[in-house]
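Trainee: I would like to learn how the terms for helices and strands are justified. Can we go through them one by one?

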Amino acid sequence: LDFSRCASHMLTKKPPVLQSFLSLVSRRASHLARQQYDVIVVGGGHAGTEAAAAAARVGAETLLVTQKTNTIGALSCNPSLGGVGKGHLVKEVDALDGLCGRAGDWAGIHFSILNRSKGPAVWGPRAQLDRQRYREFIQSELLSTPRLTVLEGSVEELLVTEPNPEEPGHHRVTGIHLANGSHPILASSVILTTGTFLSGSLFVGQTTSPGGRIGDAPSSAGLSHTLRERLGLRIGRLRTGTPPRIVKDTVDLSLTNLHPPDSHPTPFSFLNTHTRCKPEEQLPCYLTHTTPGVDRVVRESLHLNCHIQQDTKGPRYCPSIESRVLRFPGRRHQVWLEPEGLNSDLLYPQGLSMTMPPDVQLRLIREIPALHRAEIHTPGYGVQYDFVCPTQLSPALQVKSTQGLFLAGQINGTTGYEEAAAQGLWAGVNAARSALSMPPVALSRTESYIGVLIDDLVSRGVTEPYRMFTSRAEFRTSLRPDNADLRLTLKGRCVSSLRYQEAVRVRDGLQDALAALQTLTLSTHLWRKKLPDIGISESKSTILTGMDLLQYNNVSFEMLASVFPECLSPYMEFSQRLNIEAVYRPHCDLQKKEIERIQKEENMTLPQDIDYFSLPVSLSQEVREILDRVRPSTLGAATRLQGMTPAAVVNLLRYVQHTGQRGRRTHRNQPDQKEEREEELCARNASLPQ
């Protein structure tokens, strides 16, 4: 989209037809031989599209390679976006000028805020999506992104060379080979976002076939071989699944509980004041439940289900119906029937992921009263795929042992569109910065859920598909959906000037509004006279500000503005944000010291070439092995490693402080050496290809 226009332009612009996108892709593909790019992104899913767009926004000439261009931006599994924890990620991706938030506003057909009964810090913005609209929007965005080229093709292997001796790492990736045998394509940075396609296998009943998604060709085995054998990366195996799609007209919706959307849709994007779908056009969802008959069918068909019999780890928080029945026998499980589009004749049965034979799947769903005559359009299936153990990555999502190689999405052991999009955006930013000879950037877990996600992955690794929850963030009262723009957009690392200017306007407006509230100072007696229903205790006699009043449960900014219109009415557009800010400000103030402590630890860097086994510090052999295997980038990351003891952290802290002081003394005694190093660095950068 053209961000030089108004924010509402997104909701009035019609994306180009798919044929225009495909013709442009094929036209570009014929001119790719021997070309070199700054960044190559492999994969066109949620991680890949965000990575490619972010890299191009930073200023890198970017190539996106995907097996099928018409599946770019496809919703492979559930037709929804956001939720508890996940909605925070969508808001943060949008604050950094990512795609998925605006795409959700364009394609949403059922908007709701989950967890609304709890505090705003853990509200979960969520939307059901029209699959076709979402895909069209993402493809339209890529089509109109400067410096971004799209190529349809399959990557056979990575080009691997000797590393740059002046940078850490044992190898360097310099590009890709395509499976069609064409000339290699060179790049300074390569981002792999292979999703479930890396050595993927599909399972239906007792049938197994190679692939990462039904209807798509499998990825090349050469890519997995390069990662495992040539680069020596530790590879694991995970699994996931998807439910059958059900023909809507064959469902008796009168036997379900209807769940309407919110009457006033809340957009994901900070640039939007409304969604494309009008409130009255939204579609409902439907709730039903499993029966004892479902349990019976699952147990009777276990011998026909090879996927469920294997011990590969699947998603704990989105398990298959087979796993639910085996783990919780006799329990009644929820099944949500979700629309797949405004004009779609299919329903997505959330909660009925299954991998049994198709005829058994039909028997199972018909054990549910509302589905007793249902027909299946597409059967459910399971997927098993390779992932790279993410402790081998830096906080920039670059492989520590391999220069120029970045990973994002399910290849890092996560599950979910939102987790993939967040990683893709950040990998795209850092891959572009690396290609353009700029230093990497990181997000702390004190300032964003994206920082929590990446820190959890690179510091702790995964033993099962990782999903974001608000409980994973220590400072969730500060990391709210409503303030993601103030936390992230103003960093200005990859955002348009329009978005940056809007964030500055909002920041200044909120600061002015808060100052106006602070200047409203009255005695409790006068406050009771002006607002007799607010419930201030008669025994309380003190001076209160407008900000103090907003912390009362039954007081809102709108109420105060009605009493003091001359000074508060100019800020009505910020009313909800001010209500939330007033509630959480005392909690955030209490957290500041803890945040500062963690940020101080995060600023204590640990050299990547340090020999932990010979380190002259009191550390157990187990701790040394952990540090050597993971190689945390900072002391803060080291403290969160599983197996790190408090004593080990203290000893490591002393070592870092001691070497830092010694380094500063050396630096003061040898000022000329710094100038020589800077001149050498400038000369080296000047010699790099532009």
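Mentor: Start with one pair: Leu81 has Ala127 in E5 as its bridge partner. This is a predicted model, where local features need pLDDT of at least 70, side-chain atom pairs count only at pLDDT 80 or more, and totals for chains, interfaces and linings use all residues. Residues are numbered from 1 along each chain as its sequence is written, and side-chain values use heavy atoms, with hydrogens and water left out.

Trainee: What makes E3 and strand E5 a pair?

Mentor: Two strands pair if DSSP finds at least two bridges between them. E3 and E5 (residues 124-129) have three bridges, in the antiparallel sense. Strands here are DSSP runs (E, at least two residues), and helices are runs of H or I with at least four, numbered from the N terminus.

Trainee: Why are strand E3 and strand E4 said to stand at the edges?

Mentor: The open sheet has three strands in the order E3-E5-E4, with antiparallel pairing. E3 (80-82) and E4 (108-114) each have a single partner strand, so one side of each is left without a neighbour in the sheet.

Trainee: What lies across E3 and E5?

Mentor: H3 does, at about 80 degrees to E3. Angles run from 0 to 180 degrees between N-to-C directions, and axes are lines fitted to C-alpha atoms, for helices over the stretch in contact.

Trainee: Why are H3 and H11 called roughly parallel?

Mentor: Angles under 35 degrees count as roughly parallel, over 145 as roughly antiparallel, 65 to 115 as roughly perpendicular and the rest as oblique. The axes of H3 (residues 86-95) and H11 (residues 417-435) cross at roughly 30 degrees and come within 9 Å. H3 and H11 are therefore roughly parallel to each other.

Trainee: Which residues of H3 and H11 meet?

Mentor: Contact means heavy atoms within 4.5 Å. Lys86, Leu89, Val90 and Val93 in H3 meet H11 residues Glu418, Glu419, Ala421, Ala422 and Leu425. By class, that contact has six nonpolar, no polar and three charged residues. Nonpolar means Ala, Val, Leu, Ile, Met, Phe, Trp, Tyr, Cys and Pro; charged means Asp, Glu, Lys and Arg; the others, Gly among them, are polar.

Trainee: How do you know that strand E16 and strand E17 pair?

Mentor: Apply the bridge test again. E16 (residues 334-339) and E17 (residues 346-350) share four bridges, in the antiparallel sense. Leu337 stands opposite Pro349 in E17.
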